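Student: Got a minute to walk me through this one? I'd like to start with how the helices sit on the sheet.
Tutor: Sure, let's put it up.

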Amino acid sequence: MLRSLIRLNASNRPVSRAYPLASRAVALSRPAPVRSQLSINSARYYSSTNADGARAQTSSAAGALNWKTFAVFTATGAGLLYYFREEKRRVEAAQAEEARLARENTMYGKPKIGGPFSLIDQNGVRTTNEDFKGRYMFIYFGFTNCPDICPEELDKMAEVLDTLDADPEVGNVITPIFITCDPQRDTVPEVKEYVKDFHKDLIGLTGSMDEIARVAKAYRVYFSKPPKVAEGEDYLVDHSIFFYLMSPEGKFVDCYAKDHTADHVAKSVKEHIQEYIEKGGKISTDPISRQSQAQQPSP
């Protein structure tokens, strides 16, 4: 009887909910399964590895590009520096020569520049200084492979000629002459092809190295080419970069450097010509008489 009463009391006692809550709390506080953590860590590792690889590739490509760019800029800068230094040296040499001639002109009168010459023109005709007597001459020393200075100076000379030809107070009284300082390459055909690009009256002269050297010395023109140049090898010739104005008697009148403009030269030449005429000088305005020799090639 007593045992029956105890069972009855036990069956009527409310069931505690602490256990289910505790179980739930334990379940919530358990760490994630090891497999999930490994999966997440693995994903993070591979993601990090891929990102690092992409950054490394980008950095490597950027580094290569930077080195290439640096090399290109360095080479370009070195080339420009060399060009400007050479150009500066040429201009300074021309200015020094012009200043020297001016000093000589002031101290001693006209410097002794010019003299007789015998060369071959663009038509293969033997030509001497006597063929140009009676007319003024522009004389420029250069070479047909000159990349910039010679064409610029000959263009300037042509502009001066056209200006003076159109001036009724002057007219066609000047014969322009180009004398090569590179006879090794500047043959008659080369010179003929070259001079026709600048002015219809421009006469081109070439000759042997000894002949050119004598004329250059007489006109106090400096020129030099690299030593031991192989046949067919390209090279530049360093030379004086001004042209002379010579009188109808073949005497030196003036010289004009690279920094002189065409307007300056035209004005100066006109003054010299007018002064010459005022002193009783006579100038031939006839076309170059030696053109009749064009079909008589040199022996």
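Student: Which strands does helix α6 lie across?
Tutor: Helix α6, residues 209-218, lies across β1, β2, β3, β4 and β5. The helix runs at about 115° to β1. Keep in mind that this is a predicted model.

Student: And α7, what does that touch?
Tutor: Helix α7 covers residues 262-278 and packs on the sheet. Its contacts there are with β3, β4, β8 and β9. The direction of α7 makes about 170° with that of β9.

Student: OK, the sheet itself. What's the strand order?
Tutor: The order is β2-β1-β5-β4-β3-β8-β9. That is 7 strands in an open sheet, with mixed pairing.

Student: Which ones are the edge strands?
Tutor: β2 (126-128) and β9 (252-256). Each of these pairs on one side only.

Student: How much twist on average?
Tutor: The average is 35° from one strand to the next.

Student: Back to β1 and β2. Parallel or antiparallel?
Tutor: Antiparallel, with 3 bridges joining β1 (residues 118-121) to β2. As a landmark, serine 118 stands opposite threonine 128 in β2.

Student: New topic: the core. How many residues in the largest nonpolar one?
Tutor: It has 37 residues. Those with the most contacts inside it are Tyr136, Phe138, Tyr140, Leu154, Ile174, Val269 and Ile273.

Student: Which elements give two or more residues to it?
Tutor: β3, α4, β4, α5, β8, β9 and α7. The largest share is from α4, with 7 residues.

Student: Why would nonpolar side chains end up together like that?
Tutor: In soluble globular proteins, nonpolar side chains tend to be buried together.

Student: Zoom in on phenylalanine 138. What is it in contact with?
Tutor: Leaving out neighbours within four places in sequence, phenylalanine 138 contacts a list of residues including Met157, Leu161, Ile174, Ile177, Phe243, Leu245, Val265 and Val269.

Student: What about another core, apart from that one?
Tutor: There is another, of 22 residues. Among them are Ile212, Val215, Val221 and Cys255.

Student: Last bit, whole chain. How many helices and strands?
Tutor: The protein chain has 7 helices and 9 strands. Of its 299 residues, 36% are buried.

Student: And what's the accessible surface?
Tutor: About 18,900 Å² for the protein chain, and carbon and sulfur atoms account for 57% of that.

Student: What share of the contacts is between residues 24 or more positions apart?
Tutor: 73%, counting contacts with a separation of 6 or more.

Technical notes:
Residues are numbered from 1 along each chain as its sequence is written. This is a predicted model: local features need pLDDT of at least 70, side-chain atom pairs count only at pLDDT 80 or more; totals for chains, interfaces and linings use all residues. Side-chain values use heavy atoms; hydrogens and water are left out. Two strands pair if DSSP finds at least two bridges between them. Helices (H or I, at least four residues) and strands (E, at least two) are DSSP runs, numbered from the N terminus. Axes are lines fitted to C-alpha atoms, for helices over the stretch in contact, and angles run from 0 to 180 degrees between N-to-C directions. Contact means heavy atoms within 4.5 Å. A nonpolar core is a set of buried Ala, Val, Leu, Ile, Met, Phe, Trp, Tyr and Cys residues joined through side-chain atoms within 4.5 Å. Buried means under 20% relative accessible area, exposed over 50%, partly exposed in between (1.4 Å probe, protein chains only). Accessible areas come from the Shrake-Rupley method with a 1.4 Å probe; for residues, only the protein chains shown count as cover.
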